[in-house]
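Please open the model in your viewer and keep the sequence panel beside it, since this tour moves from one selection to the next. At each stop you will be told what to select and what to look for there.

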There are 2 protein chains.
Amino acid sequence: MPSYSDYVTTMQRIADIRAASAVLQWDQETYLPPKGAHFRGRQLSTLSEIAHEEFCSDSIGALLDGLLAAGTLDDAQRRNVELSLEDYQKARKYSASLVRRLSDAGNNAFHSWMEARRRNDFRLFAPALTEMVALKKEEASVLGYTAHPYDALLNEYEKGATTAQLDAVFGALLPQLRGLLDELLAQPAADDSFLRQHYPADTQWQWGLHLLRALGFDGEAGRQDRSEHPFSTSFSPQDVRITTRIDEADFANMTWSTIHELGHALYEQGLPPEQYGLPLGEAASLSIHESQSRLWENNVGRSPAFWEYWLPQLRTYFPGQLAAVDGERFFRGINKVQPSLIRTEADEVTYHFHVYIRYTLEKALLDGSLQVADVPGYWKENYRKWLGVTPPDDKSGALQDVHWSHGSFGYFPTYSLGSLYAAQFYAAAAAALPGLEDDLRQGRTERLLDWLRREVHQHGRRYTSDGLCRRITAQSLSSAYFIDYVRQKYGLT
Amino acid sequence: MPSYSDYVTTMQRIADIRAASAVLQWDQETYLPPKGAHFRGRQLSTLSEIAHEEFCSDSIGALLDGLLAAGTLDDAQRRNVELSLEDYQKARKYSASLVRRLSDAGNNAFHSWMEARRRNDFRLFAPALTEMVALKKEEASVLGYTAHPYDALLNEYEKGATTAQLDAVFGALLPQLRGLLDELLAQPAADDSFLRQHYPADTQWQWGLHLLRALGFDGEAGRQDRSEHPFSTSFSPQDVRITTRIDEADFANMTWSTIHELGHALYEQGLPPEQYGLPLGEAASLSIHESQSRLWENNVGRSPAFWEYWLPQLRTYFPGQLAAVDGERFFRGINKVQPSLIRTEADEVTYHFHVYIRYTLEKALLDGSLQVADVPGYWKENYRKWLGVTPPDDKSGALQDVHWSHGSFGYFPTYSLGSLYAAQFYAAAAAALPGLEDDLRQGRTERLLDWLRREVHQHGRRYTSDGLCRRITAQSLSSAYFIDYVRQKYGLT
C-alpha cells in the first residue's frame with residue numbers, strides 16, 4: 001500500500017539531483033575556469049540522465065496510480081500527485097536515446113552557434129540547427145499533437161498553449177501596438193544620453209545590491225554574482241541565485257536586468273519550502289514566472305512613482321552623472337521607444353515584434369514551410385516589415401539568441417505572455433491595494449510583494465497560467481491591459 | 001562478455017556524481033547563503049547515497065570479476081580494475097543504514113561542535129562525539145581488523161597503515177624532535193613581529209595570485225576563492241579549486257596556506273585527464289597528497305633560496321611593511337619555532353607533537369581506554385607533557401579541529417606522514433636535479449614541478465604510498481630525512 005510520504009521521499013530525491021544540476025550550471029555561468037568545460041559537460045549530462053532514469057522508473061508510475069486510486073489524499077496532496085503523474089506520463093515518452101541525442105545535439109549546436117557568432121556567419125550554424133530542427137520534429141511527434149507540431153513543443157514551456165491561441169493573442173496585440181508605435185514615433189524622440197555616461201562598476205554593484213534588498217530580496221536566502229548573461233536560478237526557496245552584468249558605459253543594462261531577475265527571485269523565494277521537490281513547490285509556468293520579472297522591471301521599475309523615490313537615492317550614487325537630470329527627463333529616457341535590432345535591448349513596445357518574428361519563424365521551421373538556409377532572409381524581411389530596421393549582419397540578426405542552440409523552440413512566446421500577464425496582474429493589484437502608487441512614491445513595496453506572495457507565489461503549480469489569471473483577475477488573459485498600460489505611460493489617448 | 005569500456009563508462013558515471021558532490025561542497029564553503037544550509041545538506045546526502053548505491057550494485061562486482069578473469073587487460077587497465085575491486089569490496093561492507101547513520105551523526109556532530117565552540121564548552125559536544133565514537137567502533141568492526149580497531153579506520157585514509165607502523169614512526173621521530181626542540185628553544189627567539197603589521201586584504205589577494213601563477217598553478221584549469229577555512233578540491237584535472245583566508249593583521253596566515261593549497265592543486269592538475277574517474281586518475285593517498293602540499297609550503301616555501309628571489313618581489317607589494325626587513329630576519333621570522341596551542345598555526349618542528357597527541361587520543365577512544373568525558377583532561381595533560389603549554393579553555397584545546405565532528409578518525413596521522421614524505425622526496429629531487437637551489441634563487445620552479453609530475457603526479461594510484469616512496473627514493477619512509485632537513489634549516493649540528 002503506497003503512502004504519500006513514499007511519494008514525497010521519492011520526489012524530493014529527484015529534486016535533489018535536479019538542484020545539484022542547477023548548482024553545476026550556475027557555477028558554469030559564473031566561476032567555471034575555461035578548461036573545466038569539457039568535464040562539466042559530462043557531469044551535467046550524467047545528472048540529467050540519472051534524474052530522467054529515476055523519474056521514469058515503473059515503480060513511480062505504480063506509486064502515483066496507487067495513491068490516486070486509494071482516494072486518501074487531501075486536496076493539496078491530490079493536486080501534487082496528479083501533476084506528478086502528468087509530468088511522469090510526459091517524461092516516459094522520451095526514450096533514453098532521444099534524451100541523449102537531444103543533449104548531444106544541444107552541446108554541438110551551442111559550440112557551433114558560438115563559433116558562428118564569433119565569425120559572424122549564420123552558415124556555420126546552419127548544419128547544427130538543421131539537425132536540431134529535425135530532432136525537435138521527432139520530439140514533437142513523440143509527444144503528440146493535433147493541429148501543429150509546434151503545439152507539442154510549446155507545451156514544454158507553457159502547458160496547454162497552442163499556436164491557435166498564440167495567433168489570437170498576437171493577432172489582437174500587434175495591430176494595436178503598431179498603431180501606438182506610429183503615434184510614438186511621430187513625437188519628438190526622448191533623450192536617453194544620460195544613461196550612457198561612465199558609471200563605475202563598483203558603484204553600480206553597490207547600487208544594485210541596495211535596490212535588491214530594499215525591494216525585498218532575502219540576502220540570507222540567496223545571492224547575486226556576475227555572469228556574461230544575467231539569469232536567475234534556484235536550488236530551494238532558501239537558496240535563490242541571480243546574476244548581473246555590468247556595462248560601465250550603459251547604466252540601463254545592469255539596473256533593469258537586476259530588477260527583472262529580482263522579480264524571478266522573489267517568486268522563487270516565495271514558493272512554499274514545505275513543498276520542496278513537489279509540484280506545489282514549483283512555479284506555475286514560464287509565462288507566470290516572466291509575469292513576475294516584467295511586473296517588477298516595467299510596471300514598477302519604469303514607473304514615474306517608483307523613481308520619484310529612487311531617483312534621489314540614485315543621485316547619491318552617481319551625483320556627477322545625474323545632478324542635471326530631473327525626474328521628467330529620467331522617466332522619458334528610461335522609457336524611450338525606438339525600433340531596434342536586438343531583442344534584449346528593446347523597449348516595452350517594440351519588444352513584442354521581436355518575439356512575434358521568432359515565433360512565426362519557429363513555427364515555419366517546424367512545419368517545414370521554411371528551411372534553415374532561408375532563416376537570415378526571413379529574419380531581414382520580417383524586421384523590415386514589422387520594425388522598419390534591417391540587420392547589417394548575422395550577429396545582430398538571426399544569431400543573436402542562444403535559445404535555438406539549446407533546442408528551446410517554443411520558449412520565446414512566454415516572454416510576450418509574461419508581459420501581458422504582468423500588466424493584467426498589476427491592474428488587479430492596483431485595484432486591490434488602494435494607494436499603491438503612493439506606496440511606490442514613498443519607496444514602499446511591501447504591500448505589493450505581500451499581495452504577489454498571496455495571489456501568485458504561495459500557490460506554486462496548483463493553478464494553470466489561465467486558472468491563476470482567472471482567479472486573480474476574474475478573466476482570461478487579455479492584451480487590453482497591456483495596451484492600456486502603454487497608452488497611460490506615454491500619455492496617448 | 002564484459003568490456004573494459006563498459007568499466008570505464010560505469011566508473012566515470014560514478015565519478016560524475018562524486019564531482020557534483022564536490023561542487024556542492026565547494027559552494028557550501030564559499031558562497032552558500034546562510035538559509036541555504038538545510039536543503040544543501042539533503043542534496044549532498046542524496047548524491048552520496050546515489051553514488052554509494054551505484055558503486056555497490058551487484059553488476060559492478062560481476063563486471064570487475066569478469067574483466068580480471070578474462071585476462072585481456074594491459075597493465076594499466078589491470079591495475080585500474082584491481083583497485084576498483086578493492087574499493088568495491090570495501091564499499092560493499094557498508095550497509096545503506098550505516099552510511100545514513102554516519103551521515104546523520106556527522107551533520108549532528110558538526111552542529112554540536114559549532115555550538116560548543118561558540119560557547120567554549122566541550123561538554124556540549126560530548127554527547128554527539130560519544131555517538132560518533134560508538135559508530136566508528138561499529139564501522140571498524142564492519143571493516144574488520146586484527147590488531148587494533150583504529151587500524152580499520154586508518155585504512156580509510158592511508159591504505160595499509162597500522163597503529164604498529166605509526167607507533168614505530170612516531171617512536172623514531174618524536175624523541176629526536178624533542179631534542180632538537182630543546183636546542184632551538186635554548187637559542188634567542190626569532191623576531192617575527194614584522195608578519196603581524198597591517199597587510200591590506202586586496203594587496204594580499206593580488207600577491208597570492210601572483211605567487212600561484214608563478215609557481216605553476218594553471219589558472220585556466222582552476223581558480224582561487226575565499227572561505228573561512230582554506231581547502232583544495234577537484235572536479236577534474238581541468239578544474240581544481242583552492243580557497244584562502246585573509247587576515248590583515250597576520251601576513252603569514254594567507255601566504256603559506258596559499259602555497260600549501262597550491263601543492264595540493266598542482267598534484268590534482270597533474271593527474272592524467274584520460275584516467276578521469278578511474279583509480280589511475282586519482283591521488284595515491286592522503287599522505288602523498290599532503291607530501292605535495294608540505295613540500296611546496298615548507299621545503300620550498302620556507303627556504304632561504306626561495307625567498308632570495310621572492311622577498312624583493314614581495315617588497316613591491318608591501319614596501320612600507322617590509323623595507324626594513326632583510327633576508328636573514330625574514331627567513332628566521334617565518335621559521336620561528338615556539339610551542340603553541342593551535343595545530344594549524346604550529347611551526348614545522350612542534351607540528352608533529354600536535355598530531356601525535358590527537359593520534360594517541362583517537363586510538364584510546366577507539367579501544368575504550370579513554371572516555372569522551374575525559375578528553376579535555378587528556379588534552380591538557382599531553383600538551384603540558386609534550387609541548388609545555390596548557391590550553392586555558394576548550395576552544396584552544398580539544399574543540400579546535402573540525403575532524404571528529406565529520407567522523408574523520410585516522411586522518412591526523414597523514415599530516416605527519418606527509419611532512420616526512422615531503423622531506424624524503426625533496427632530498428631525492430635535489431639529488432636528481434643538480435642546481436635545484438640555484439633554480440629557486442632565480443625564481444625558477446619548472447624543473448622541480450616537472451620532476452614531481454613525472455615521479456608522483458602522473459602515476460595516480462598506480463603505486464601505494466610505500467611503493468611510490470621506494471620507487472622514488474629507493475627505500476621506505478624514514479624520518480631521518482625530516483630530521484636532517486630540520487637540522488640543516490636551523491643550523492644544528
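**First stop: a loop in chain A**

Select Gln275(A), which counts as buried because its relative accessibility is 16%, where buried means under 20% relative accessible area, exposed means over 50%, and partly exposed lies in between (1.4 Å probe, protein chains only). Gln275(A) is found in the loop between α10 and α11 of chain A, and the helices named on this tour are DSSP runs of H or I with at least four residues, while strands are runs of E with at least two, both numbered from the N terminus. Which residues does Gln275(A) touch, not counting those up to four places away in sequence? They are Asn80(A), Leu280(A) and Gly281(A), where a contact means heavy atoms within 4.5 Å. If you then add Gly491(A) to the selection, you will have two residues that are 216 residues apart along the chain, with their C-alpha atoms separated by 44 Å.

Before going on, please keep in mind that this is a predicted model, in which local features need pLDDT of at least 70, side-chain atom pairs count only at pLDDT 80 or more, and totals for chains, interfaces and linings use all residues. Residues are numbered from 1 along each chain as its sequence is written, chains are lettered from A and ligands numbered from 1 in the order in which they are written, and side-chain values use heavy atoms, with hydrogens and water left out.

**Still in the loop**

Move to Leu271(A), which lies in the loop between α10 (251-269) and α11 (286-300) of chain A. Leu271(A) counts as buried, because its relative accessibility is 3%. Show its surroundings, leaving aside neighbours within four places in sequence, and you will find Leu271(A) in contact with Pro237(A), Gly281(A), Glu282(A), Ala283(A), His457(A) and Gly460(A). One of these contacts, Glu282(A), is 11 residues from Leu271(A) along the chain, and the two C-alpha atoms are separated by 6.8 Å.

**A helix in chain A**

Next, select Asp439(A), which is found in helix α18 (residues 436-441) of chain A. Is Asp439(A) buried or exposed? It is buried, with a relative accessible area of 11%. Once neighbours within four places in sequence are set aside, Asp439(A) is in contact with Arg444(A) and Arg447(A).

**A pair of asparagines**

Now select Asn120(A), which sits in the loop between α5 (96-118) and α6 (126-143) of chain A, and look at its backbone, where phi is near 55°, a positive value in a residue other than glycine. Asn120(A) counts as partly exposed, at 28% relative accessibility. Then go to Asn120(B), which lies in the loop between α5 (96-118) and α6 (126-143) of chain B. Phi of Asn120(B) is near 55°, again a positive value in a residue other than glycine, and Asn120(B) is partly exposed, with a relative accessible area of 29%.

**Two helices in chain B**

Stay in chain B and select His289(B), which lies in helix α11 (residues 286-300) and counts as buried at 10% relative accessibility. Not counting residues up to four places away in sequence, His289(B) touches His264(B), Tyr267(B), Glu268(B) and Ala283(B). For a longer view, add Arg119(B), which is 170 residues from His289(B) in sequence and 34 Å away in space, C-alpha to C-alpha.

Lys380(B) comes next, in helix α16 (residues 375-387) of chain B, and this residue is partly exposed, with a relative accessible area of 35%. Apart from neighbours within four places in sequence, Lys380(B) is in contact with Thr390(B) and Pro391(B).

**Stepping back**

Finally, select the whole of chain A, which holds 21 helices and three strands, and whose C-alpha trace spans about 70 × 50 × 45 Å along its principal axes. Buried residues make up 57% of the 493 residues in chain A. Colour chain A by pLDDT, the predictor's confidence in each residue from 0 to 100: the mean is 96, and 100% of the residues reach 70 or more. For the complex, the predictor gives an ipTM of 0.95 and a pTM of 0.95.
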